[in-house]
Amino acid sequence: MATLLLDWLHLLIRIAHVVAAILWIGDSFLFMWMDRSLVPPSRPRPGDVAGELWMVHSGGFYEVVKRRTLVPAEMPAALHWFKWEAYSTGISGFFLLGIVYFAGAGMFLVDPAVAPLSAPAAIAIGVALLIAGVAVYEALWRSPLQRGAAGTSAPAASIVGSLLIVATIVGLTRLFAARAAFLMAGAMLGTIMVANVANHIIPAQRMMLAATREGRPVDVTLGLRAKMHSTHNHYLTFPVLVAMVSNHFPLLYAGRFAWLVLTLLFVFAVAVKYAMNARARSNRWAVAAGIAALIGAVTLTTGGTPDAAAIAALRGAPPVPFAEARAVIERRCQTCHATRPSNPSFPAPPNGVVLEDPARIRALAPRILERAVITKTMPLGNITGITDAERRTLGAWIVQGARLDGTR
Ligand code: HEC
């Protein structure tokens, strides 16, 4: 009962997280696009006008005029802020992290083959990572590396920031189960994005409005700095999405060079975003870099790994009858993958995968090969202690044709 209610909570928080993130990212993309699409005013307009643009949507025509600053007389009665999209994404994300990765730390966060952490230690490292990510980001963008560049990111700070992200990914893949390492990298960047809204973007806007209300001159560098942090957030959206979605693709995180796969995917993600934003010729390099990174990631994850050679060898190994493969599945998989799992964390078979009926096992053989033999991402956290010999037994039975009668 309790686990079933927890599942409901998980579902509702996950939906809230996805919806909030869609709203936030949608806003981010729309405002970046509007800024890029502004044109000089078509007619005289009052105030400190940065540009105008026209849009058609939902059966009407929208005229947008961007002002850098306002004078007291121009203060609108209702001014719409955009912050709850970010905050609710962050809050729901943190709860989701807690309910899936922290509550199930022994299974999801820790992999004894990677680092022998206790569940509380792994959780503490996870929380510390989120805090440290924001602290290091703040230090970097206030450091001498960024000096003098008020409203744009100084190249030195950008390069150091990117290298720090790669170093963090490497570190995470040495500490956590591979899948959790990807997720934590995404969670760290997502936390930096939320903190950016709370620490920089909203306060700058508040200060600008306060100055306007009190009739003081408005410091326009506040707006420029807010825009810079907003641009950082914008370029982090795709990497965060990539990190979160990669979680569902064991081929990405299971290999020895998982850190490189995620790094290349980040390069790809940022390049795509850059190409979407940059006008004209300057995006050719971004497209080329993005395609190269993608090809690199595909090659790394599908190329001739030692595993692939081992799989080929299994084909020529002595025939493995179904009974042997089935015994391994009964011992190592059925605590979770049964109609009624005995593992208390799973009130229902995970992903609906039941490995009891021989015909079903045969039908799922390609997935079993990928998860238990090639990527070794099942059993989850190797909680049931499958041995390499048992993995080979499963693999040989599958590559030899996954026959139920055990004959060749
Ligand atoms: C501790 C519980 C647990 C054990 C033991 C376990 N699994 Fe899983 N399995 C899961 C969970 C949770 C998921 C869904 C999340 C995921 O796909 O990583 C899953 C998903 C799967 C899937 C479906 C996803 C896909 O990629 O197609 C397959 C197939 C699978 N497991 C095979 C196995 C095999 C084979 C074994 C035994 C060698 C095994 N599992 C042992 C928990 C477990």
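A residue counts as buried when its relative accessible area is under 20%, as exposed when that value is over 50%, and as partly exposed in between. The exercises below apply this and related rules to a predicted model.

**Exercise 1. The iron site**

Task: Determine which residues of the protein are donors to the iron atom of the ligand, and where in the chain they lie.

Solution.
Step 1. The protein donors are His-337, through NE2, and Met-378, through SD. Their distances from the iron atom are 2.0 to 2.2 Å.
Step 2. The two donors connect distant parts of the chain, being 41 residues apart. His-337 belongs to the loop between α12 (322-332) and α13 (358-363), and Met-378 to the loop between α14 (365-374) and α15 (388-399).
Step 3. The accessibility rule is now applied to each donor. His-337 has a relative accessibility of 12% and is therefore buried. Met-378, with 22%, is partly exposed.

Task: Explain why the arrangement around the iron atom is classed as octahedral.

Solution.
Step 1. Six donor atoms surround the iron atom of the ligand.
Step 2. For six octahedral donors, the ideal angles are 90 or 180 degrees.
Step 3. In this model the angles run from 87 to 178 degrees, and the arrangement is therefore octahedral.

**Exercise 2. The loop between α14 and α15**

Task: Identify the backbone features of Lys-376 and of the peptide bond from Met-378 to Pro-379.

Solution.
Step 1. Lys-376 is found in the loop between α14 and α15, and Pro-379 lies in that loop as well.
Step 2. Although Lys-376 is not a glycine, its phi is positive, at about 55 degrees. Its relative accessible area of 39% makes Lys-376 partly exposed.
Step 3. The peptide bond that joins Met-378 to Pro-379 is cis, with omega near -5 degrees. Met-378 is also the residue whose SD atom is a donor to the iron atom.

**Exercise 3. Two domains and their contact**

Task: Describe the interface of domain 1 and domain 2, including the area buried and the salt bridges across it.

Solution.
Step 1. The domain assignment divides the protein chain into domain 1 (83-302) and domain 2 (307-399). Their C-alpha centres are 35 Å apart.
Step 2. Eight residues from domain 1 and ten residues from domain 2 take part in the contact.
Step 3. Between them the domains bury about 720 Å², and carbon and sulfur atoms give 73% of this area.
Step 4. On the side of domain 1, Met-107, Pro-250 and Ala-254 supply 64% of the area buried against domain 2, more than any other three residues.
Step 5. The rule finds zero salt bridges across this interface.

**Exercise 4. Salt bridges**

Task: Compare the surroundings of the salt bridges Glu-52 to Arg-45, Arg-67 to Glu-74 and Arg-216 to Glu-214.

Solution.
Step 1. The count of salt bridges comes to 14.
Step 2. In the pair of Glu-52 and Arg-45, the closest N and O atoms are 2.6 Å apart. Both of these residues are buried. Glu-52 and Arg-45 also belong to a network of salt bridges with Arg-43 and Glu-63.
Step 3. The side chains of Arg-67 and Glu-74 meet at 2.8 Å, N to O. Arg-67 is partly exposed at 30%, and Glu-74 is partly exposed at 23%.
Step 4. Arg-216 and Glu-214 form a salt bridge with an N to O distance of 2.8 Å. Arg-216, at 44%, is partly exposed. Glu-214 has a relative accessibility of 55% and so counts as exposed.

**Exercise 5. Strand β1 and the loop that follows**

Task: Locate Met-55 and Ser-58, and state what Met-55 touches.

Solution.
Step 1. Met-55 is part of strand β1 (residues 48-57).
Step 2. Leaving aside residues up to four places away in sequence, Met-55 touches Trp-33, Met-34, Gly-60, Phe-61, Tyr-62 and Val-64. The C-alpha atoms of Met-55 and Met-34 are separated by 9.6 Å, although the two residues are 21 residues apart along the chain.
Step 3. Ser-58 is placed in the loop between β1 and β2 (60-69). Ser-58 has a positive phi of about 40 degrees without being a glycine. With a relative accessible area of 59%, Ser-58 is exposed.

Conventions
Residues numbered from 1 in each chain as written. Predicted model: local features only at pLDDT ≥ 70, side-chain atom pairs only at ≥ 80, totals over all residues. Heavy atoms only, no water. Donors = N, O, S within 2.8 Å, 3.2 Å for Na, K, Ca; no water. Tetrahedral: all angles 85-135°; square planar, octahedral: opposite > 155°, others 65-115°. Helix = DSSP H or I, 4+ residues; strand = E, 2+ residues; numbered from the N terminus. Buried < 20%, exposed > 50% of the residue type's maximum accessible area, 1.4 Å probe, protein only. Domains from an automatic or database assignment. Contact = heavy atoms within 4.5 Å. Buried area = accessible area lost by both parts, 1.4 Å probe. Salt bridge = Lys/Arg side-chain N within 4 Å of Asp/Glu carboxyl O.
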